[in-house]
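Reader: Before I rely on any label attached to this structure, could you take me through the reasoning behind some of them?

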Amino acid sequence: MSNQLELLRIFLTAAECGSFREAALRLGGSPQTVTRAVKELEEHFGELLFHRSTRQVRITAFGEQLAARSRPLLADVESLFSTPGRVPAASQLAGRVRITAPRVLGRGALVPALAGLAAQHPGLALDVRLSDVFADVVDEQIDVGVRIGFLRDSRLVARKAGEVAFALVATPALVRRLGAPQRLEDLSALPVTALLDPNTGRTWSWYFAGGRQFTPGSDTFVTDDPDAEVGAILAGLAVGQLPDYLAAPLLRSGALVALLPQLAPPPWDVWVYRPQRGPVPARVRLVFDHIVAAVADHGRALREG
């Protein structure tokens, strides 16, 4: 196949130059090489490609048809095997990028940032899957993902993009009615929310300083949706533990108050990752770096209010 493509390349150069000698100079070869290539193609197709005389070379009608068919095909092949530095930037940044992230963090931090990126690069096709279920990067063909907490997968290349703090919160009215807990053990006497982990079906534990944990065994409000949990807490139904991207604006507004702040756990890391599977297309690298910056900016905005 490579020899056939080379024959076509020589033929097209000769067709453009109108002279085997000039074509040979452009190709860095000899006129005899051009002659042999043309002759081989003529034998293959059973048609003359050039009318040749001692004074001139003139392409035949069949040769013109072959040139018209071959030119775009050869251009496509050369473009396919061009080095990245020779490919126009716009074409490098065109194509689909599949992204996964937790629902609430994705809506708050990623979607606005990705919308701006897509506006700058119309060739990008962003496939955004927001889910609290951990994605299988291979089976689901994930290009870039975001995860909070532990990340121990040797198939991934990951970069820490920020941290998420957690706060135990309730409405001021609930605190006035039931009192504020003074110790971790006091939570057992209070109504609490329970958020289900969609990966296991079990209730998420609450984490506190010193590695201590509390697992809600609540009959007050159980859900698998973080937004629904926030709604229940704001309605004054129960106490809950929320990540800062949900709790921070509500604490600043006074809608919620922090409980047991001295027992707040260390923040969890936020990771942006991609599969470790060979060369990274420019569009994936662009989206990866953009998401890292977006997550960092979102965390900074939360801290600064």
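**Labels and their grounds**

Author: Gladly, with the reminder that this is a predicted model.

Reader: What makes β7 and β12 a pair of strands?

Author: Strands count as paired if at least two bridges are found between them. Strand β7 (residues 166-170) is joined to β12 by four bridges, so the requirement is met, and the two run antiparallel. One place to look is V169, whose bridge partner in β12 is G240.

Reader: Which way do the residues of strand β12 (residues 240-243) point, and are they buried or exposed?

Author: G240 and L242 point one way, while Q241 and P243 point the other way. All of these residues are buried, which means that each has under 20% relative accessible area.

Reader: Why is the space lined by A170, L174 and V175, among others, called a cavity?

Author: The word is used because a 1.4 Å probe fits at its points but cannot get out. One cavity of 30 Å³ or more is counted, and the largest holds about 40 Å³ of space. Helix α7 (residues 172-178) gives the largest share of the lining, three residues.

Reader: What classes of residue make up the lining of the largest cavity?

Author: The lining has nine nonpolar residues, one polar and none that is charged. Its members include G179, and Gly counts as polar.

Reader: Which residues beyond its sequence neighbours is L8 in contact with?

Author: L8, found in helix α1 (residues 2-17), is in contact with L41, S70 and L74 once neighbours within four places are left aside; contact here means heavy atoms within 4.5 Å. The C-alpha atoms of L8 and L73 are 9.9 Å apart, although 65 residues separate the two along the chain.

Notes: Residues numbered from 1 in each chain as written. Predicted model: local features only at pLDDT ≥ 70, side-chain atom pairs only at ≥ 80, totals over all residues. Heavy atoms only, no water. Buried < 20%, exposed > 50% of the residue type's maximum accessible area, 1.4 Å probe, protein only. 1 Å grid on protein atoms, 1.4 Å probe; cavity = no way out; pocket = protein on both sides within 12 Å on 5 of 7 lines; lining within 4 Å. Points joined across faces, edges and corners; volume = space filled by probe spheres on them.
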